[in-house]
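Here's a quick tour of a two-chain model. Have the structure open while you read, and we'll go from one chain to the interface and then to a pocket.

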Amino acid sequence: MNPFSGYLTELGHGLVTTVELTVVTTVAALLLGVVVATLRICPVPLLRTVGLVYVEVLQNLPLLALLVLFVFALPQLGITFPLFTSAAIVIAAYEGAYFAEAIRAGINTVGIGQAEAARAIGLTFSQSLRYVILPQAFRAVIQPMGNISIALLMNTSLAAAVGVVELTQTANNVNLVEAQPLLIFTGAGLAYMLLALVIGLVTGRLERRLAIVR
Amino acid sequence: MNDPQRLLFDEPGPRGRRRIRIATVLGVLAIAAALAVAVYQFAAHGELAADRWRPFGTWPIWRYLLIALWATVRAAAVTAVLSAALGLLLALGRLSRRRSLRLLAGAYVEIFRTVPVLLLIYLTLFALPAYGLNFSLFWKLVVPLVVANSAAFAEIFRAGIKALDRGQAEAGQAIGLRPAQVMRLVVLPQALLKLTPSLVSQLVGLLKDTSLGFVVSFTELLYSGQVLASYTHLLIQTYLVVAVLYLAVNASLSKFARVLQARDGRLFGRRRSGSGTDPAGVDPTATLVTDGATTIR
């Protein structure tokens, strides 16, 4: 008997939760990444330091430690969110640091003449960033950002360790009843691979359309 | 290398300097306000009381945490050695001239790069015992980490080997070395030297991964933190101390990677001189690709 059949809705819900968590956090982390990358290159030394500290702290802490701190310890300070929201905030904050670094690396690939030209026609810092630098920076790092999104997808599974019922957690729950670990976990693994494949295909296509050949 | 500061703005003039001063003052105010809110929240819930922090000045608690940190480092070290070795083999497999080897290594890397480690851990916890493979807690953590990280290491090695100037391998062939000799004597030593910084920063990712010991009840830092927190009921304090410990270890490792990177820069000084557009140099995004694939997690 196929152990999946009785649990298809459950596994489906888990998969949907994983996808939701991934999409929400990718968008949030990307926006956060743009902000932090901008902080790291802006003319104000204090804000550059803030950006640097953010990236250093978030990249050097384990995501699971952040999740545990946020979900189990912050309620002691009277700060509580729904579980899904907590996980989304933490994962977005964590991956935001990686997106920021990727975007900054992209900014480094933009030719210095581009920035000089932008200044020469009188664009301000934010204008040259918005119209000249960032659009080119993004195009240069589409693939690294795709890799970060795939890592993000895999990292959403850690939300299971603090109780979010997403794909990994659902698989675990189903397995506790059915005791068919190999089949169930392989199935869940295949689902993750499929999702990663989709992200890979999308970024690959974007890259072919947008990448600038220098 | 482009200096991003030089890239985006000139030396500020009087107006620019005034704006920078204003932004700095506003920034300081914002940070102070955030800190004030945090302190207020701590105080309002009694978390600032001295006796809630005093335990962290005592030796037994520190001894407990340091033992846990040592377990973390040990798990990370064993994982690092095993996955680097396996990763190198996989990278060589992916670059092999034998089609079957290439396919096999490629499949392994692609699969374990896109399956969450937590899933592999659950698999190790629940599936392997059914086949008579019941590891100790240490190996229940290390085995899935090796499986996942070896794929990441393989990608680092492969990128490094492929990034090496083709002329190096061709020169090796020209003086009559066999392919295996070219790899061992010419390509690998140079690729490995250039890769040391990425390998060290991969160690940071690996050390962070060991926090999954939380799930398998292996007494590394995070799990021990949880045990300590439920014993002392000092949740916030314990997890903050644990976070600081992780930060201290990983920030030193990251710093070490940057120092290596800088030394590497001098070692390959002539290649770098073309401000990132050196035709013989590596495509600046090529290294990014490996960074994105490996240092995350």
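Chain A has 9 helices and 0 strands. Reading along its sequence, you get the pattern α-α-α-α-α-α-α-α-α. Keep in mind that this is a predicted model. Along the principal axes, the C-alpha atoms of chain A fill a box of roughly 70 × 45 × 20 Å.

UniProt, in an unreviewed entry, puts the annotation "domain: ABC transmembrane type-1" on residues 15-203 of chain A. That span is 82% helix and 0% strand, and its end C-alpha atoms lie 21 Å apart.

Over on chain B, an unreviewed UniProt entry lists "transmembrane region" for residues 20-44, 64-90, 111-131, 137-157, 185-207 and 227-249. Two of these spans are set out here:

| Span in chain B | Helix | Strand | Distance between end C-alpha atoms |
|---|---|---|---|
| Residues 20-44 | 100% | 0% | 36 Å |
| Residues 64-90 | 100% | 0% | 38 Å |

Now for how the chains meet. The size of an interface is often given as the accessible area lost when the parts come together. For chain A and chain B, the buried area is about 5,600 Å², with 73% of it on carbon and sulfur atoms. Chain A puts 69 residues into the contact, and chain B puts in 59 residues.

How many salt bridges are found across the interface of chain A and chain B? The count is 1 salt bridge. A:Glu56 pairs with B:Arg258 in a salt bridge, and their closest N and O atoms are 3.3 Å apart.

On to the empty space. The second largest pocket has a volume of about 1,000 Å³. It is lined by 24 residues, and those closest to its centre are A:Val57, A:Leu58, A:Leu69, A:Leu74 and B:Leu240. Both chains supply elements that give two or more residues to this lining: helix H2 (45-60), helix H3 (63-73) and helix H4 (83-109) from chain A, plus helix H2 (14-44) and helix H12 (235-267) from chain B.

Which helix gives the largest share of the lining of the second largest pocket? That's H2(B), with 6 residues.

And what is the lining made of, nonpolar, polar or charged residues? For the second largest pocket the tally is 24 nonpolar, no polar and no charged.

Definitions and conventions
Residues numbered from 1 in each chain as written. Chains lettered and ligands numbered in written order. Predicted model: local features only at pLDDT ≥ 70, side-chain atom pairs only at ≥ 80, totals over all residues. Heavy atoms only, no water. UniProt positions renumbered as here; feature names shortened; annotations may be inferred. Helix = DSSP H or I, 4+ residues; strand = E, 2+ residues; numbered from the N terminus. 1 Å grid on protein atoms, 1.4 Å probe; cavity = no way out; pocket = protein on both sides within 12 Å on 5 of 7 lines; lining within 4 Å. Points joined across faces, edges and corners; volume = space filled by probe spheres on them. Nonpolar A, V, L, I, M, F, W, Y, C, P; charged D, E, K, R; others polar. Contact = heavy atoms within 4.5 Å. Buried area = accessible area lost by both parts, 1.4 Å probe. Salt bridge = Lys/Arg side-chain N within 4 Å of Asp/Glu carboxyl O.
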